[in-house]
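Here are some exercises to work through with the model open on your screen. Try each task yourself, then follow the solution one step at a time.

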Amino acid sequence: MPLRALLMILLALLPTSALAQTDPCGAEAPCEIGDGSYHLLLPEGWDDGTPRPVLVWFHGHRSSGASIFRSSGLQRDFVEAGYVLIAPNGALRPSGIRGWPARPTGPELRDDVAFTLAVLADVGARMALDPERTYVSGFSAGGSMAWMMACYAGERFTAAASVAGALRRPHPDGAVCPAGPVRFLQIHGFTDAQVPFEGRAIGDWHQGDVFSSLSRIRATNACRSNPDAITLDTPLRCRDWSESCASGAAVRLCIHDGGHGLPPGWTLLARDWFEATPATQ
């Protein structure tokens, strides 16, 4: 990209309010890269050269990365806390719907793992990002993308969190994820019928099983099968694998009473998980 064009984009990104961008990389005009695009929200003082923590957020089916501009939770608990928020757009289908196949094989599938890493590199070329505080999360199909990034590119992320998603089939060969250990948080609704714990078949593919996904990440992280701690605090009931994980990468499952949705407080729960050290997990 020519330097003048890059400077124009960066100047356009300087908002009166960091939460009200409508210029390039904003709500209406995403950043274009290769065969895709992404949206961006920046914290105050993002251009001072300090490496910033970054959250890559995947939208759900029929949505887009622009949904971050409507999420008060993501803005309050991440952007206002100093995070760079990156929201890639799922590939646009002939029907006009954006979505994430979130599986490695299928007809005419874009390589969304490579695409996401290219988006992350593109933002990193524009501003200082902290590689030691780089996180990934998403909702529903986007939650399945968080699983996919953790399993196939987990070495690029400090921790991951999926809300109402699972590692879709086909799974990688073997019992573990090829990328190796990564701290992982799964948040799921007990009454979720859209992405049930068992998953469901849709046409010629399957959403994947949440418990099978957790078993795989526990094996990857060298955790024992039974949890080290169980917490019954309302509104979440959580199971933690931490001390027993020989890799040092913990796993947590938190279940709420609701269905297919983002439960209240999930953003702060996720951020606390991301920022936890092994001694406080």
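**Warm-up: the whole chain**

Buried residues account for 55% of the 281 residues in this protein, and keep in mind that you're looking at a predicted model.

*Task.* Find out how many helices and strands the protein has, and what share of its exposed area comes from carbon and sulfur atoms.

*Solution.*
- Step 1. Go through the secondary structure: there are six helices and 14 strands.
- Step 2. Turn to the surface. The protein exposes about 12,200 Å², and carbon and sulfur atoms supply 54% of it.
- Step 3. Now look at the contacts between residues at least 6 apart in sequence: 67% of them join residues at least 24 apart.

**Exercise 1: α2 and α6**

*Task.* Decide whether helices α2 and α6 are roughly parallel or roughly perpendicular to each other, and list who makes the contact.

*Solution.*
- Step 1. Two packed helices are described by the angle between their axes and the distance between the axes.
- Step 2. Locate the pair: α2 covers residues 72-79 and α6 covers residues 266-275. They pack at an angle of about 30°, and their axes are 9 Å apart.
- Step 3. Angles under 35 degrees count as roughly parallel, so α2 and α6 are roughly parallel to each other.
- Step 4. Check the handedness: the crossing of α2 and α6 is right-handed.
- Step 5. List the contact. From α2 come Gly73, Leu74, Arg76, Asp77 and Phe78, and from α6 come Trp266, Thr267, Leu268, Ala270, Arg271 and Phe274.
- Step 6. Sort the contact of α2 with α6 by class: six nonpolar, two polar and three charged residues.

**Exercise 2: what covers α2?**

*Task.* Work out how many of the eight residues of α2 are buried, and which elements cover them.

*Solution.*
- Step 1. Pick out the buried residues of α2: Gly73, Leu74, Gln75, Asp77, Phe78 and Val79.
- Step 2. That's six of the eight residues in α2, a helix that is mostly covered.
- Step 3. Look around those buried residues. The cover includes strands β2 (36-41), β3 and β4 (84-88), along with helix α6.

**Exercise 3: α3 and α4**

*Task.* Do the angle exercise again for α3 and α4: which description fits, roughly parallel or roughly perpendicular?

*Solution.*
- Step 1. Helix α4 spans residues 141-153, and α3 packs with α4 at an angle of about 85°, with axes 10 Å apart.
- Step 2. Angles from 65 to 115 degrees count as roughly perpendicular, so α3 is roughly perpendicular to α4.
- Step 3. Name the partners: Asp112, Val113, Thr116 and Leu117 of α3 meet Met145, Met148, Met149, Tyr152 and Ala153 of α4.
- Step 4. By class, the contact of α3 with α4 has seven nonpolar, one polar and one charged residues.

**Exercise 4: two positive phi values**

*Task.* Arginine 62 and alanine 102 each have a positive phi without being glycine. Find out which is buried and which is exposed.

*Solution.*
- Step 1. Arginine 62, with phi near 70°, sits in the loop between β3 (52-58) and α2.
- Step 2. Its relative accessible area is 62%, and exposed means over 50%, so arginine 62 is exposed.
- Step 3. Alanine 102, with phi near 55°, is in the loop between β6 (98-99) and α3 (112-126).
- Step 4. Its relative accessible area is 4%, and buried means under 20%, so alanine 102 is buried.

**Exercise 5: arginine 103 and a cis bond**

*Task.* Say why arginine 103 counts as buried, then find what it touches.

*Solution.*
- Step 1. Arginine 103 belongs to the loop between β6 and α3.
- Step 2. Arginine 103 counts as buried because its relative accessibility is 16%.
- Step 3. Leaving out residues up to four places away in sequence, arginine 103 touches Leu109, Met148, Arg168, Arg169, Pro170 and Trp205.
- Step 4. Take one of these, methionine 148: it lies 45 residues from arginine 103 along the chain, yet their C-alpha atoms are separated by 7.2 Å.
- Step 5. Look at the bond from arginine 169 to proline 170: this peptide bond is cis, with omega near 5°. Proline 170 is in the loop between β8 (159-163) and β9 (183-189).

Notes
Residues numbered from 1 in each chain as written. Predicted model: local features only at pLDDT ≥ 70, side-chain atom pairs only at ≥ 80, totals over all residues. Heavy atoms only, no water. Axes fitted to C-alpha atoms, helices over the stretch in contact; angles between N-to-C directions. Helix = DSSP H or I, 4+ residues; strand = E, 2+ residues; numbered from the N terminus. Parallel < 35°, antiparallel > 145°, perpendicular 65-115°, else oblique. Left-handed = near helix turned anticlockwise from the far one by under 90°. Contact = heavy atoms within 4.5 Å. Nonpolar A, V, L, I, M, F, W, Y, C, P; charged D, E, K, R; others polar. Buried < 20%, exposed > 50% of the residue type's maximum accessible area, 1.4 Å probe, protein only. Areas by Shrake-Rupley, 256 points an atom, 1.4 Å probe, with all protein chains shown as cover.
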